[in-house]
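Reader: Please take me closely through one helix pairing, and through the core around it.

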Amino acid sequence: MMKTLFSADGLVGLLFLFNLIVTVVGGIVACNAERLVRAVIGLVVCFVGVAGIYFFLNSPFIAMMHILIYIGAVAVAISFAIMLAAPEEKMRTGPTSPLSGPIGLISTLLLISGLVSLALKTEWTSVTKINDGSVKTIGIQLLTNHSMVFELISIVLLLAILGALVIARGGREE
Amino acid sequence: MSLTLINVLAAVIIAIAFVAANAAYLVWAERKGAGFIQRRPGPTENGPWGLLQPPVDGIKLMTKQLLIPGGVDKIIFVIAPVLAMFPSIVSFVTIPFSDTIVAHNINIGLLMIFVFGSMSAMAILMGGWSSRNKYSMISSVRAVSQAVAYEIPMLITAITVVMIAGSLDLMEIVHKQSGGFWHWNIWPFQKGLFNILMPASFLIFFICSLAETNRAPFDLGEAESELVAGYHTEYSSMGFGLFFMGEYANIVIGACLTTILFLGGWDCPFGLFPGVWWFIVKIYILIFTFIWIRWTFPRTTIYSLLNLSWKVLIPISLFNLLLTAGLLKVF
């Protein structure tokens with residue numbers, strides 16, 4: 001059967017495409033904006049798209065946490081840092097070196113060709129629901145099957161906090 | 001299919017209408033309340049008791065020119081007020097007013113409200129920065145540092161309640177408190193859980209919702225005597241109107257959330273006249289308290305504001321979280 005745009009599948013595909021486009025457009029704005037603050041806004045748009053994809057993948061909890069952490073905390077912290085640290089003129093992204101364009105292009109092409117060949121050669125199986133994606137299931141999974149990852153992440157976070165403290169203390173005179 | 005579409009449309013329209021009507025008439029209530037507390041009449045000219053003042057104000061705002069000053073960052077300047085208003089409307093979709101009156105109950109409703117609440121900090125930052133005005137800038141930095149500081153104790157207290165209810169579903173949280181006055185989360189005697197810090201938790205949550213909505217005595221972002229009008233100094237017409245309405249919508253959300261988490265939602269106190277009006281009565285009592293506090297207490301300083309959050313509210317709420325976890329394990 002031909003899948004039309006107006007069937008349920010077509011609508012779902014359209015939503016997925018919309019999220020993808022939001023993510024990519026946000027990413028492009030984040031990389032190419034002339035003003036740093038606009039780049040942060042692009043990053044926020046990109047995060048919204050990624051959260052939409054999580055929602056699409058039947059994990060509304062992860063989608064919500066993604067928005068709460070990345071937009072509510074990370075993006076706010078980044079823009080806070082930009083506003084407090086840089087004076088007006090320096091809030092623009094500076095000129096880059098002439099080599100960065102070609103190198104970036106080559107590495108992007110390599111990455112894209114790798115991903116495309118991977119996507120073409122993989123035997124795709126249809127997606128099955130592993131669990132209902134609820135908070136309770138995620139909690140049980142985190143503390144049983146994936147407890148190692150959970151513990152490692154907490155160590156990474158601890159190291160990040162310690163690193164931030166070391167950097168922050170380094171600048172003080174006393 | 002079409003029925004659900006109509007349901008969704010109706011829910012969205014009712015949510016917008018409810019938010020807008022509340023925003024408009026809370027301004028009237030605020031001015032009347034201020035007048036009452038300061039022994040003056042408040043608005044009296046338009047309509048009986050000045051009741052036609054909000055529509056007249058609205059028409060005035062809408063017919064004014066939308067000025068975009070030279071030198072502002074136009075795109076961000078225009079997006080910011082929309083982003084200030086939009087999350088508050090979306091949040092109303094999940095707030096249950098009674099067993100049946102809810103637009104769309106999702107099982108992570110509480111989380112969703114916090115998620116959209118956290119977006120308003122971004123709106124304030126964008127509005128303040130794109131104005132290219134030092135007062136707007138200082139104000140947005142203040143407002144955001146305050147919002148970030150008070151989000152932490154607010155979330156910790158909410159997690160305490162979530163642990164007691166065992167769910168992030170707002171309906172479920174209210175159902176767990178059913179059974180009258182003494183079963184509400186504000187009291188320390190629900191079901192074998194004698195947590196004497198629950199009233200303190202309620203107070204912390206209430207203080208945090210005052211601070212999160214930039215209300216006096218925590219309205220440092222809009223300190224008129226220092227910062228002209230704060231982050232919306234450069235906004236005219238409905239740009240200002242949206243920021244203003246978003247603020248009042250956030251007050252309603254704060255009151256709704258406090259009612260659901262601590263005051264038993266639509267649960268009637270002593271079995272008297274059960275119904276949705278208890279929810280309405282409770283949120284308007286809380287909103288009146290918001291107004292009462294604004295016109296009674298002077299503004300704090302930024303240092304005492306941040307100290308209150310980091311040195312008092314966060315330790316107490318963390319301790320209460322641990323205590324609740326322990327008590328839940330023991331009983």
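Author: What follows deals with two helices of chain B and then with the nonpolar core. This is a predicted model, in which local features need pLDDT of at least 70, side-chain atom pairs count only at pLDDT 80 or more, and totals for chains, interfaces and linings use all residues. Residues are numbered from 1 along each chain as its sequence is written, chains are lettered from A in the order in which they are written, and side-chain values use heavy atoms, without hydrogens and water.

Helix α3 (residues 74–91) and helix α4 (residues 109–130) of chain B pack at an angle of about 165°, their axes 8 Å apart (helices are DSSP runs of H or I, at least four residues, numbered from the N terminus; axes are lines fitted to C-alpha atoms over the stretch in contact, and angles run from 0 to 180 degrees between N-to-C directions). α3(B) is therefore roughly antiparallel to α4(B), a term for angles over 145 degrees. On the α3(B) side the contact (heavy atoms within 4.5 Å) includes F77(B), L83(B) and F86(B), and on the α4(B) side F116(B), M119(B) and W129(B).

The largest nonpolar core has 104 residues; such a core is a set of buried Ala, Val, Leu, Ile, Met, Phe, Trp, Tyr and Cys residues joined through side-chain atoms within 4.5 Å, buried being under 20% relative accessible area with a 1.4 Å probe, protein chains only. α4(B) gives the most to this core, with 15 residues. Among the residues with the most contacts inside the core are L110(B) and L261(B). Beyond its neighbours within four places in sequence, L110(B) touches A158(B), V162(B), L168(B), L170(B), I173(B), L257(B) and L261(B).

Terms used:
Helices (H or I, at least four residues) and strands (E, at least two) are DSSP runs, numbered from the N terminus. Angles under 35 degrees count as roughly parallel, over 145 as roughly antiparallel, 65 to 115 as roughly perpendicular and the rest as oblique. Buried means under 20% relative accessible area, exposed over 50%, partly exposed in between (1.4 Å probe, protein chains only).
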